[in-house]
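Here is a short round of questions for a newcomer. Keep the sequence and the 3D view open while reading.

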Amino acid sequence: MTGRAASPDFIASSVEWGAGIAPTTWSAIATSTTATPQGVLSTLATWDTRSVPDGDYVIRVRLTDRKLGELVYAAAVVVSNSGGTGRTP
C-alpha cells in the first residue's frame, strides 16, 4: 500500500485490515512512529493476502495526531488469490 501518513503534530500511524464490508475487528499490517515527508508517497505497508480467504475486506490507515486526535482513511478491497472474483455466488 503506497500513500502518505503525516500531519503537523504526527505521533504514529498504523495500517490494518478487517474482514467483510463492515469489519468489527482489525488486524495490524504495519505501524510506524515516523511521518511520511510532505509531498512524498511511500510504501506504508505490504499485506500478504495468501493468509486470508478470498472475499471482501477493508484496509484502513489510522493516524494519531497530538492536536487532532485519531484520523482514519479506509478503502474496500476484494482479495482474489484464486484468480476468480473473490466472491462466493
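The questions below move from the whole chain to single residues.

Q: How many helices and strands are there in the protein?
A: This is a predicted model. The elements run β-β-β-β-β-β from the N terminus on. The count is therefore 0 helices and 6 strands, with a strand being a DSSP run of at least two residues.

Q: What box do the C-alpha atoms of the protein fill?
A: The box is taken along the principal axes. Its dimensions are roughly 45 × 25 × 20 Å.

Q: What percentage of the residues of the protein count as buried?
A: The protein has 89 residues. Buried means under 20% relative accessible area. By that cut-off, the buried part is 30%.

Q: What share of the exposed area do carbon and sulfur atoms supply?
A: The protein exposes about 5,800 Å². Of this area, carbon and sulfur atoms supply 54%.

Q: How far apart lie the centres of the positive and negative side chains?
A: There are 7 positive and 7 negative side chains. Take the centre of each set. The two centres lie apart by 5 Å.

Q: What share of the contacts with a separation of 6 or more comes from residues 24 or more positions apart?
A: Contact means heavy atoms within 4.5 Å. Among contacts in the protein with a separation of 6 or more, look at the pairs 24 or more positions apart. They account for 58%.

Q: What is the order of the strands in the open sheet?
A: The sheet has 4 strands, and the pairing is antiparallel. Its edge strands, each pairing on one side only, are β3 (27–32) and β6 (69–79). Neighbouring strands are turned by 15 degrees against each other on average, direction ignored. The order is β3-β2-β5-β6.

Q: How many bridges pair strand β2 with strand β5?
A: Strand β2 covers residues 10–19, and strand β5 covers residues 55–65. Ala 19 stands opposite Tyr 57 in β5. Gly 18 has Val 58 as its bridge partner in β5. The two strands pair in the antiparallel sense, and the number of bridges is 9.

Q: Which residue in β3 is the bridge partner of Trp 17?
A: Strands β2 and β3 run antiparallel. They are joined by 5 bridges. In β3, the partner of Trp 17 is Ser 27.

Q: Which residue in β6 is the bridge partner of Val 58?
A: A hairpin joins β5 to β6 through 3 residues. The two strands run antiparallel, with 11 bridges between them. In β6, Val 58 is partnered by Ala 76.

Q: Why is β2 largely enclosed by the rest of the structure?
A: Count the buried residues of the strand. β2 is largely enclosed because its buried residues number 7 of the 10.

Q: How many residues of β5 are buried?
A: β5 is largely enclosed by the rest of the structure. The strand has 11 residues. Its buried residues number 8.

Q: Is Ser 13 buried or exposed?
A: Ser 13 is found in strand β2. Leaving aside neighbours within four places in sequence, its contacts include Ala 5, Ala 30 and Leu 63. Its relative accessibility is 11%. Under 20% means buried, so Ser 13 counts as buried.

Q: What is the relative accessible area of Arg 62?
A: Arg 62 is found in strand β5. Its bridge partner is Ser 14. Not counting residues up to four places away in sequence, Arg 62 touches Glu 16 and Glu 70, among others. Arg 62 is partly exposed because its relative accessible area is 24%.

Q: How far apart in space are Arg 62 and Gly 3?
A: In sequence, the two residues are 59 residues apart. In space, C-alpha to C-alpha, Arg 62 and Gly 3 are apart by 12 Å.

Q: What distance separates the C-alpha atoms of Ser 80 and Ser 14?
A: Ser 80 has its place in the segment after β6. Ser 80 is partly exposed, with a relative accessible area of 26%. Along the chain, Ser 80 and Ser 14 are 66 residues apart. Their C-alpha atoms are separated by 24 Å.

Notes. Residues are numbered from 1 along each chain as its sequence is written. This is a predicted model: local features need pLDDT of at least 70, side-chain atom pairs count only at pLDDT 80 or more; totals for chains, interfaces and linings use all residues. Side-chain values use heavy atoms; hydrogens and water are left out. Buried means under 20% relative accessible area, exposed over 50%, partly exposed in between (1.4 Å probe, protein chains only). Accessible areas come from the Shrake-Rupley method with a 1.4 Å probe; for residues, only the protein chains shown count as cover. Lys and Arg count as positive and Asp and Glu as negative; His and the chain ends are not counted. The place of a charge is taken as NZ of Lys, CZ of Arg, CG of Asp or CD of Glu. Two strands pair if DSSP finds at least two bridges between them. Axes are lines fitted to C-alpha atoms, for helices over the stretch in contact, and angles run from 0 to 180 degrees between N-to-C directions.
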